[in-house]
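This report walks through the strands, helices, aromatic rings and ligand surroundings of one model. Please keep the sequence and the structure in view while reading.

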Amino acid sequence: MTIKYAEFVVSNSNVEKCPKSSLPEYAFIGRSNVGKSSLINMLTSRKSLAKTSGKPGKTQLINHFLINKNWHLVDLPGYGYARVSKTAKKTFQKFITQYFSHREQLVTAFVLVDIRHKPQPIDLDFMTWLGENNIPFSIIFTKADKLKPKAIENHVNDYKTVMLEFWEDMPNYFITSSSKSLGKDEVLGYIQSLNENLK
Ligand code: GTP
Ligand code: MG
């Protein structure tokens, strides 16, 4: 799939105020600073469609983008960033979980994890919560440019080992780098195949 059209639609902190349209939707979620907004810019070939920052906690709202006029891409705030105040953190958690529980247009979530780190409880807990709520998801490993191919393989294998303790199968996963445009065709091709299955 080539992205010819990508436009910001709306930001808000209330799932009720998300676009009413029933277009299929794909959400990007993960820890603060994992590279969600950068990945969205890489996938859409736009430098600053989604706002990025070296400082964690940049994205604080549910952001809808209309892609090729027929599906929505959603940039979400990161979870698990300690320096955001406790009250703000609670609000994020609440509207993130409300988004996932109520958004019927959501086809699948992409849970982003930094390929450099060992599996983290917060990510595993979030995936468990998605599973318990019957929300389909794939894993996107980010920042693959930071590791050599052998280390990438080892880290993915570590992840598989941990996942298989909780899950019957390893979820679908992608290895990406926003700075090197790695994994772009794979992620977009997957979204396209899901969109076609909905027809
Ligand atoms: P929040 O909105 O704060 O939750 O963060 P985010 O997950 O949207 O992360 P963002 O895209 O803002 O990126 C965070 C930092 O990681 C920035 O400094 C990016 O330049 C850097 N970054 C993101 N993706 C990559 C990547 O693929 N490779 C490298 N080397 N750096 C990356
Ligand atoms: Mg962001």
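How many aromatic pairs does the structure hold? It holds 15 aromatic pairs, where rings of Phe, Tyr and Trp (its six-membered ring) pair if their centres lie within 6.5 Å, with planes under 30 degrees apart counted as stacked, over 60 as edge-to-face and the rest as tilted.

## Basis of the description

This is a predicted model, in which local features need pLDDT of at least 70 and side-chain atom pairs count only at pLDDT 80 or more, while totals for chains, interfaces and linings use all residues. Residues are numbered from 1 along each chain as its sequence is written, chains are lettered from A and ligands numbered from 1 in the order in which they are written, and side-chain values use heavy atoms, with hydrogens and water left out.

## Aromatic pairs

Phenylalanine 8 and phenylalanine 65 form an edge-to-face pair, with 5.7 Å from centre to centre and 65 degrees between the planes. This pair links distant parts of the chain, since phenylalanine 8 belongs to strand β1 (residues 6-12) and phenylalanine 65 to strand β3 (residues 62-67), 57 residues apart; helices (H or I, at least four residues) and strands (E, at least two) are DSSP runs, numbered from the N terminus. Phenylalanine 8 is partly exposed, with a relative accessible area of 42%, whereas phenylalanine 65 is buried, with a relative accessible area of 2%. In these terms buried means under 20% relative accessible area, exposed over 50%, and partly exposed in between (1.4 Å probe, protein chains only).

The rings of tyrosine 26 and tryptophan 71 have their centres 5.5 Å apart and their planes at 90 degrees, so this pair is edge-to-face. Because tyrosine 26 lies in strand β2 (residues 25-30) and tryptophan 71 in strand β4 (residues 71-75), the pair ties together parts that are 45 residues apart in sequence. Both tyrosine 26 and tryptophan 71 are buried, and ring pairs link these two with Phe28, Phe110, Phe174 and Tyr190 into a cluster.

## Strand β3 and its partners

Six of the six residues of β3 are buried, and both faces of the strand are covered, with Ile62, His64 and Leu66 on one side and Asn63, Phe65 and Ile67 on the other. β1 and β3 run antiparallel and are joined by six bridges, where two strands pair if DSSP finds at least two bridges between them. Phenylalanine 65 in β3 is the bridge partner of phenylalanine 8.

β3 also pairs with β4 in the antiparallel sense, over five bridges, and tryptophan 71 in β4 is the bridge partner of isoleucine 67. β3 and β4 form a hairpin with three residues between them. Most residues other than glycine have a negative phi. In the loop between β3 and β4, however, asparagine 68 has a positive phi of about 45 degrees, and lysine 69, although not a glycine, has a positive phi of about 60 degrees. Asparagine 68 is partly exposed, with a relative accessible area of 21%, while lysine 69 is exposed, with a relative accessible area of 55%.

## Helices α1 and α3

Eight of the nine residues of helix α1 (residues 36-44) are buried, so α1 is largely enclosed by the rest of the structure. Among the buried residues are Lys36, Leu39, Ile40 and Leu43. Serine 45 follows α1 and has a positive phi, near 55 degrees.

Helix α3 (residues 121-132) has twelve residues and reaches 16 Å from its first C-alpha to its last, close to the 16 Å expected, the expected span being 1.5 Å times one less than the number of residues. In α3, Asp123, Leu124, Phe126, Met127 and Leu130 are buried. They cover an arc of only 160 degrees around the axis, which puts them on the same side of α3; the arc is that of the directions from the helix axis to the C-beta atoms. Pro121, Asp125 and Glu132 are exposed on the other side of α3, and asparagine 134, just after α3, takes a positive phi of about 55 degrees.

## Around ligand 1

Which residues come nearest to ligand 1? Of the 23 residues around ligand 1, Lys36, Ser38, Gly57, Lys58 and Ser178 come nearest, a residue being near a molecule if one of its heavy atoms lies within 4 Å of it.

Polar contacts, meaning pairs of N or O atoms within 3.5 Å, also involve this ligand. A backbone N or O atom of glycine 78 lies 3.4 Å from an oxygen atom of ligand 1, and a polar side-chain atom of lysine 143 lies 3.0 Å from an oxygen atom of ligand 1. An N or O atom in the side chain of serine 179 is 3.3 Å from a nitrogen atom of ligand 1.

Notes: Polar contact = N/O pair within 3.5 Å; in protein donor to acceptor, adjacent residues only side chain to side chain.
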